[in-house]
Amino acid sequence: MVPTRSIRRPSRRQERLSARQQHQVLAHQHLQQHNHHQNQIRQQAGLSSPASIPASLTPQLAGATSHYQQQLQYATASRQSSTPHFRARAAAAVARSAGLSSAVAITDPNNPTKTSTSNGEGADKTGGATGSSSQQWTTLDLGGMGLKNISRDLFQYKFLTSLYINHNNLHQLSPEISRLANLTILDASGNKLTSVPPELGMLTNLKELLLVDNGLVTLPAELGTLYQLEILALEGNPLNESLKNLLQQEGTVAVISYLRENCPVPLPPPEREWITLEDSVNSNGQDTFTVFCYNILAENYATPQMYGYTPSWALTWEYRKELILQEILAYSADIVCLQEVELGQYEDYFKEQMKQQADYDGVFWPKSRAKTMAEKDRRIVDGCAIFFKASKFNLIDKHLVEFNHTALQRPDFRKTEDIFNRVMTKDQIAVITLLEHKDTRNRLVVANSHIYWDPLFKDVKLVQVAMMMDELDRLSTQWVNMPGAAPNALASNTGGKLPTLICGDFNSDRSSGVYEFLVKGAVPQGHDDFGDHSYGTYTSEGLSHKMTLRSSYGDSAELPFTNYTPTYMAAIDYIFYSSNYLSVLGLLGGVEKEYMSRVVGFPNAHFPSDHVPILAEFKFRSQVAPKGVTPNFGAIATNSHNNSNNRVSNSNNFSNSGNFKH
């Protein structure tokens, strides 16, 4: 079904969007306060711009520091490379002296099947792995040619890793240079540049930025996102003294860090649009509900080493937790599934705030490793939480799936080394709840999981999801036969006994075996994602499940990403639903493209996680009010229905104390 943009929305959604607007106002006020604080610091220090550091703040140079020596070395090398195609000729000479052919097969990027041969002038064969398999050159040398302009066609060469445009007559660099995202070396030395475009900050793969002998006085603060930059060569520019001193005294890393920490915060993006898939005019509101899914990025994982492009103040938990909570509350979903929630943060912050501010009850379990750790250490172990509005749902039952523990219970798994070497060393979990709608008395199974992240372990991802589906099938059979079962639980229907939602960060895109298994209901034996690993009947017979699952963000409404960093962008978070019991009415759209064109990655000042939340509105296909039932809470868990002493109590013989991300 092709989605259409909603012009008139139900009043309930208007309230939700109004709350979202209030959240944006609060966030913007927070950012204004931060900018005001940063401006006060600059004014007290005598700074006129983020790139101006007063000389009084840096000690006078006592002789040439190692950083200054490095600047001089790069300046000398640059001035010796002013002849046409200097680097290409040098590479050809080296190739000839080594007895290698200096000829380079040049591929026309507009016609990859057509190649011609160059003697090496203007192209250097580097064998870069970032280009396509047919691309045999990734370096382009246009140095020493006296060029006054660069053709826009050059920026189509996205496979380039090194670009030399040094010693020409360039007065400016086009902002379109940001399209060359794979560049690791950019040499624009010996030109007539008086400024460089802020868009250079989008080239996050840069290791060397050589701007020797130009007319630069300062640098745009947006270059602070160049977190991998190792060399910033600026000798021979009329730099302001403070910037020059910082570079010579403390080096490239210090300059980039300063720019990043003091870059003005841009305006927030427009509100994400609501996509209407099915008209809800005929709905009375009682048979509809909304589901929110969000990997919030645990505090323990939000480190400068992992997110070097993010200002340190925007990585702090104190800053991020408020934005995360306001994001959740602004959308006011009936069911909220969160991943990467630390045990301490759940107990000290989310459980209390969600209850006080919006009357949410919650269920939470940390990863398995928490069982073997001291109290102080286990508080930073992350896990999965399911919150639900107490005014709309009752909790009937809940269940924890520990994948490494579940694997041990299968006799066919115990016979394979791969289980012990690959699956047992991972302690991901799934949290499963049975909820009952207070008005319609419909029952709903909600699962929330965070699947292992490493792309080299596709087999483990499949095994974890398969075990979760086995548990869901078992629990659904058990719960459908509970006294007072809802009428939408048709015992004769083997394709899933209860309406079911499966939410989470699956660390798998739509081409993966995980997605194929969930949506198609099966993957055959010998599936590529299993590789040559052995997992009992999973690999000998293949995988299958009985549910009729679909992704709420199906073919017609797929988001370009739910996880966005400089090195990875993909949709890996999902809300799957049993389509025989539920239908999707609407979805939260993506982040505005114009805003994203200026963002290197999340988290940033506006987005507190490296993931973005997803939200869907569902409708029960049918309901009839049944008789009540006394809740059965099963295994003890940390949740807002129990006191603080109710912790995970079921034992496990294995846990992993290592940290995982995603």
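The legends below describe several close-up views of a predicted model.

**View 1. The chain as a whole, before the closer views.** The predicted chain contains 15 helices and 27 strands, and buried residues make up 56% of its 662 residues. Among contacts between residues at least 6 apart in sequence, 71% join residues that are at least 24 apart.

**View 2. The rings of Trp317 and Phe350 form an aromatic pair.** A pair of aromatic rings is described by the distance of the centres and the angle of the planes. The count for the model comes to 30 aromatic pairs. In the pair formed by Trp317 and Phe350, the ring centres are 6.1 Å apart and the planes stand at 65 degrees, so the pair is edge-to-face, given that planes over 60 degrees apart are counted in that way. Trp317 belongs to helix H7 (residues 317-331), while Phe350 belongs to helix H8 (residues 343-358), so the pair ties together parts of the chain that are 33 residues apart in sequence. Trp317 counts as buried, with a relative accessibility of 7%, and Phe350 is also buried, with a relative accessible area of 0%.

**View 3. A cluster of rings includes Phe289 and Phe618.** Ring pairs link Phe289, Phe393, Tyr577, Phe618 and Phe620 into this cluster. Two of its members, Phe289 and Phe618, are also named, together with Ile335 and Leu501, as the residues with the most contacts inside the largest nonpolar core, which has 60 residues. The largest share of this core, 6 residues, comes from helix H7.

**View 4. Ile335 and the residues in contact with it.** When neighbours within four places in sequence are left aside, Ile335 is in contact with several phenylalanines, namely Phe289, Phe292, Phe387, Phe388 and Phe393. The other residues in contact with Ile335 are Thr290, Val291, Ile386, Leu435, Leu444 and Val446. Apart from the core that holds Ile335 there lies another core, made of 45 residues, among them Ala407, Leu434, Val445 and Phe457.

**View 5. Two charged side chains, Arg410 and Lys426, each over a ring.** Arg410 lies over the face of Phe413, at a distance of 4.5 Å from the ring centre. Lys426 lies over the face of Tyr452, at 5.1 Å from the centre of that ring. Where in the chain is Lys426 placed? Lys426 is in the loop between helix H11 (417-423) and strand S16 (429-437), and with a relative accessibility of 4% this lysine counts as buried. The C-alpha atoms of Lys426 and Ile451 are separated by 9.6 Å, although these two residues are 25 residues apart along the chain.

**View 6. Helix H3 has buried residues along one face.** Helix H3 covers residues 86-97, and at 1.5 Å a residue its 12 residues should span 16 Å; the C-alpha atoms at its ends are 17 Å apart, which agrees with this expectation. Within H3, the residues Ala88, Ala92 and Ala95 are buried. Seen down the axis of H3, the buried residues fall within an arc of 60 degrees, so they line one face of the helix. On the other side of H3, Val94 and Ser97 are exposed. After the helix comes Gly99, which has a positive phi, near 75 degrees.

**View 7. Ser578 in strand S24.** Ser578 is found in strand S24, which covers residues 573-578, and this serine counts as buried, with a relative accessibility of 2%. Leaving aside neighbours within four places in sequence, Ser578 is in contact with Leu498, Pro499 and Thr500, and also with Thr548 and Leu549.

**View 8. Backbone details in loops, at Pro603, His167 and Arg441.** What kind of peptide bond joins Phe602 and Pro603? The bond is cis, with an omega of about 5 degrees, and Pro603 has its place in the loop between helix H15 (593-596) and strand S26 (614-620). His167 is not a glycine, yet its phi is positive, at about 55 degrees. This histidine lies in the loop between strand S6 (162-164) and strand S7 (185-187), and His167 is buried, with a relative accessible area of 16%. Arg441, another residue other than glycine, has a positive phi near 65 degrees, and Arg441 is found in the loop between S16 and strand S17 (443-450).

How values were computed:
Residues numbered from 1 in each chain as written. Predicted model: local features only at pLDDT ≥ 70, side-chain atom pairs only at ≥ 80, totals over all residues. Heavy atoms only, no water. Phe/Tyr/Trp six-rings, centres within 6.5 Å; stacked < 30°, edge-to-face > 60°. Helix = DSSP H or I, 4+ residues; strand = E, 2+ residues; numbered from the N terminus. Buried < 20%, exposed > 50% of the residue type's maximum accessible area, 1.4 Å probe, protein only. Lys NZ or Arg CZ within 6 Å of the ring centre and 35° of its normal. Core = buried A, V, L, I, M, F, W, Y, C linked by side-chain atoms within 4.5 Å. Contact = heavy atoms within 4.5 Å. Expected span 1.5 Å × (residues − 1). Arc of directions from axis to C-beta.
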